[in-house]
Amino acid sequence: MSDLITPMSIRVAVTLRIPQKIAAGRLTAQALAADTNSDPDVLERVLLHLVSAGVLTRDDGGWFGLTRVGDQLLVEDDKGVNPDFLDLGTVAGRAELSFVRLPDVVRNGTIVAYSAQYGSSFWEDLGKEPSSAAHFDRVMAEGMKKRVQEIAESYDWGALGSVVDVGGGNGTLLAGLLRAHGSLRGTLVDRDAGPATRTFRDAGLSDRAEALSGSFLEPLPLGAGGYIVSRIQSDWNDAGVRTILGHCADAAGTRGKVIVVDEFAAEEGVRTDSETDLRMLMYYGGKERTMEQVRELAADVGLSVTSLGRAADWTIMELSSTAM
Ligand SMILES: C[S@@+](CC[C@H](N)C(=O)[O-])C[C@H]1O[C@@H](n2cnc3c(N)ncnc32)[C@H](O)[C@@H]1O
């Protein structure tokens, strides 16, 4: 559980697509090195470690193969990218390397490890690397696709008339809501409107949905019936969450709703997903929060909980202005 040797060797193998190449019949270290523009001797030593670790096999003739563990590394999404964040060629794949900064973060408490490691924030780096941004969006969308139907059915979205999906990614959630509620209109605000614009166009929803490039750290479009904050709060520290919810509250006014869609931590002191909690800490200075912690941050910006619903394993928390 404590060495970095096997995890880094696996990541190198995934990044170089070694499992795919072995599956395609490139079986020797020489052939794999030639295919991946790598040093044959060093690559062989890494592959031999993966044999020791039970990921690869090697026969007497020096031919490598995949074990059942190694087979799992063949997984790819439809764009040929490993969706498990193991590919060091993507921003999200490299992000976990910021854990080398954990000692500094533990001592200091406020350093954002990713930014300290790479000199710019996770979101800035996604902005610089479109292929990494697309990879991140696709992984986010995979999780959303499994739940979008239930989210659409678990709340009366149609009654809102119009919604703004705040940090809505590539538009998977908003498109699902609009499909299920024929009279609903939607605006999505994210760093780059391009991916969601394409989603809406491909779904034939461009007449009811638009995407805007912008920041939820700035004022949001005014006057929608609902402001959706889906899987955003854990990416930010408490001050950031107050800013984002505060902009939603300002734009919603006394008549609109702010709707947080998220998976909350079970209760304070019990981290149901401690790995995600530490990733949020290291990548963004964020955290996994309980429902109560989000309720308190919302109260700080004049919002109170007016309904709670469930959609699969996620919660739909409706917030309204306390000035009503
Ligand atoms: C964890 S993803 C959630 C995406 C989507 N809401 C969902 O539930 O699938 C966080 C999103 O926040 C967006 N984001 C990050 N910083 C932002 C900012 N300052 N303004 C707007 N969106 C931002 C990211 O681009 C990303 O789409």
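Trainee: How many residues surround the ligand?

Mentor: The model is a predicted one. Among the residues around the ligand, the closest are G167, D190, R191, S230 and R231. By class, this shell has eight nonpolar, six polar and four charged residues. The number of residues that surround the ligand is 18.

Trainee: Which helix gives the most to the shell around the ligand?

Mentor: The helix in question contributes three residues to the shell. It spans residues 130-145 and is helix α10.

Trainee: How much of the ligand's accessible area does the protein cover?

Mentor: Start with the contacts. A polar backbone atom of G167 is 2.8 Å from a nitrogen atom of the ligand, and a backbone N or O atom of F216 lies 3.0 Å from a ligand nitrogen atom. The side chain of S230 has an N or O atom 2.7 Å from an oxygen atom of the ligand. On its own the ligand has 590 Å² of accessible area, and the share covered by the protein is 94%.

Trainee: Why is the pair of F122 and Y284 edge-to-face?

Mentor: A pair of aromatic rings is described by the distance of the centres and the angle of the planes. The ring centres of F122 and Y284 are 5.1 Å apart. Planes over 60 degrees apart count as edge-to-face. The pair is edge-to-face because its planes are at 80°.

Trainee: How many residues apart are F122 and Y284?

Mentor: Both residues are buried. F122 is in helix α9 (residues 122-128) and Y284 is in helix α15 (residues 274-284). The pair links distant parts of the chain, and the separation is 162 residues.

Definitions and conventions. Residues numbered from 1 in each chain as written. Predicted model: local features only at pLDDT ≥ 70, side-chain atom pairs only at ≥ 80, totals over all residues. Heavy atoms only, no water. Near = heavy atom within 4 Å. Polar contact = N/O pair within 3.5 Å; in protein donor to acceptor, adjacent residues only side chain to side chain. Areas by Shrake-Rupley, 256 points an atom, 1.4 Å probe, with all protein chains shown as cover. Helix = DSSP H or I, 4+ residues; strand = E, 2+ residues; numbered from the N terminus. Nonpolar A, V, L, I, M, F, W, Y, C, P; charged D, E, K, R; others polar. Phe/Tyr/Trp six-rings, centres within 6.5 Å; stacked < 30°, edge-to-face > 60°. Buried < 20%, exposed > 50% of the residue type's maximum accessible area, 1.4 Å probe, protein only.
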